[in-house]
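This report walks through a single structure for a reader who has the chain and its coordinates at hand. It starts from the sheet, goes on to the helices, and ends with individual residues.

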Amino acid sequence: MHEVGITRSIVEIAEKHARAQGTPRVKTITVEIGALSGVVPEAVEFCFEAVSRDTLLETARLIIERLPGRGRCQQCEAETEIDRFTFACPKCEAFALETIQGEELRIKEMEVD
Ligand SMILES: [Zn+2]
């Protein structure tokens, strides 16, 4: 489960920011996870508690915002919702889809004390 490593990185980055701000603890952390990122939100949720133990995020609430995948066809310019298995434009069937959303994996915001 590669989400353990990913969650650890999220916690490390958040903790570094919190320390830089001189805050004793993080109250909430909001993480954006795109549907095309290959990261399973449930798995991140599942290991967050264990990973955040003994850090400034120990009592923090994790909020995950899921972003659906979106693509734009470079041929007909249609925008459409896509998943990891969408390869052709649903409108014109060209293999010209450019991903415009869904690969995100980032900390959106943090609430600190
Ligand atoms: Zn198209």
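The text below describes a predicted model, beginning with its sheet.

**The sheet**

Three strands form an open sheet in the order S2-S1-S6, and the pairing within this sheet is mixed. Strand S2 (61-67) and strand S6 (105-112) are the edge strands, each of them pairing on one side only, and from one strand to the next the twist averages 20°.

The two pairings can be described in turn. Strand S1 (residues 26-34) pairs with S6 in the antiparallel sense, over seven bridges; in this pairing Val26 stands opposite Val112 of S6, and Ile29 stands opposite Met110 of S6. S1 and S2, by contrast, run parallel and are joined by seven bridges, with Gly34 standing opposite Leu67 of S2.

**The helices against the sheet**

Helix H1 (residues 3-20) lies across S1 and S6, and its direction runs at about 40° to S6. Helix H2 (residues 41-52) also packs on the sheet, where it touches S1 and S2, and its direction makes about 170° with that of S2.

The length of H1 can be checked against its residue count: at 1.5 Å a residue, its 18 residues should span 26 Å, and because the end C-alpha atoms are 26 Å apart, the two values agree.

Which residues of H1 are buried? They are Glu3, Ile6, Thr7, Ile10, Val11, Ala14 and Ala18. These residues cover an arc of only 135° around the axis, and therefore they lie on the same side of H1. This fits a general rule: an α-helix has 3.6 residues a turn, so residues three or four places apart point the same way. The cover over the buried residues of H1 includes S1, H2 and S6, whereas the face turned away from the buried side carries the exposed residues Gly5, Lys16, Arg19 and Ala20. Just after H1, Gly22 takes a positive phi of about 70°.

**The nonpolar core**

The largest nonpolar core has 16 residues, of which Ala14, Val26, Ile29 and Leu57 touch the most other members. H1, S1 and H2 are the elements that give two or more residues to this core, and H1 gives the most, with five residues. Leaving aside neighbours within four places in sequence, Ala14 is in contact with Val26, Ile29 and Leu57, and also with Ile107 and Met110.

**Selected residues**

The table sets out four residues with their burial, which is judged from the number of other C-beta atoms within 10 Å.

| Residue | C-beta neighbours within 10 Å | Burial |
|---|---|---|
| Val44 | 21 | buried |
| Arg61 | 12 | exposed |
| Glu77 | 11 | exposed |
| Glu93 | 11 | exposed |

Val44 has its place in helix H2, and it counts as buried because it has 21 C-beta neighbours inside 10 Å, where 20 or more are required. Not counting residues up to four places away in sequence, Val44 touches Glu3, Ile6, Thr7, Ile33, Val39 and Ile64. Ala94, on the other hand, is 50 residues from Val44 in sequence and 35 Å from Val44 in space, C-alpha to C-alpha.

Is Arg61, found in strand S2, buried or exposed? Arg61 is exposed, because 12 other C-beta atoms lie within 10 Å and a residue with 12 or fewer is classed in that way. Not counting residues up to four places away in sequence, Arg61 touches Lys27 and Thr28. Lys27 is 34 residues from Arg61 along the chain, yet the C-alpha atoms of these two residues are separated by 6.2 Å.

The last two residues of the table are found in loops. Glu77 is found in the loop between strand S3 (70-73) and strand S4 (79-81), while Glu93 lies in the loop between S4 and strand S5 (97-101). As background to their backbone angles, most residues other than glycine have a negative phi. Glu77 has a positive phi of about 65° although it is not a glycine, and Glu93, again not a glycine, has a positive phi of about 65°. With 11 C-beta neighbours inside 10 Å, Glu77 counts as exposed, and Glu93 is likewise exposed, with 11 other C-beta atoms within 10 Å.

How values were computed: Residues numbered from 1 in each chain as written. Predicted model: local features only at pLDDT ≥ 70, side-chain atom pairs only at ≥ 80, totals over all residues. Pairing = 2+ DSSP bridges. Helix = DSSP H or I, 4+ residues; strand = E, 2+ residues; numbered from the N terminus. Axes fitted to C-alpha atoms, helices over the stretch in contact; angles between N-to-C directions. Contact = placed C-beta atoms within 7 Å. Core = buried A, V, L, I, M, F, W, Y, C linked by C-beta atoms within 7 Å. Expected span 1.5 Å × (residues − 1). Arc of directions from axis to C-beta.
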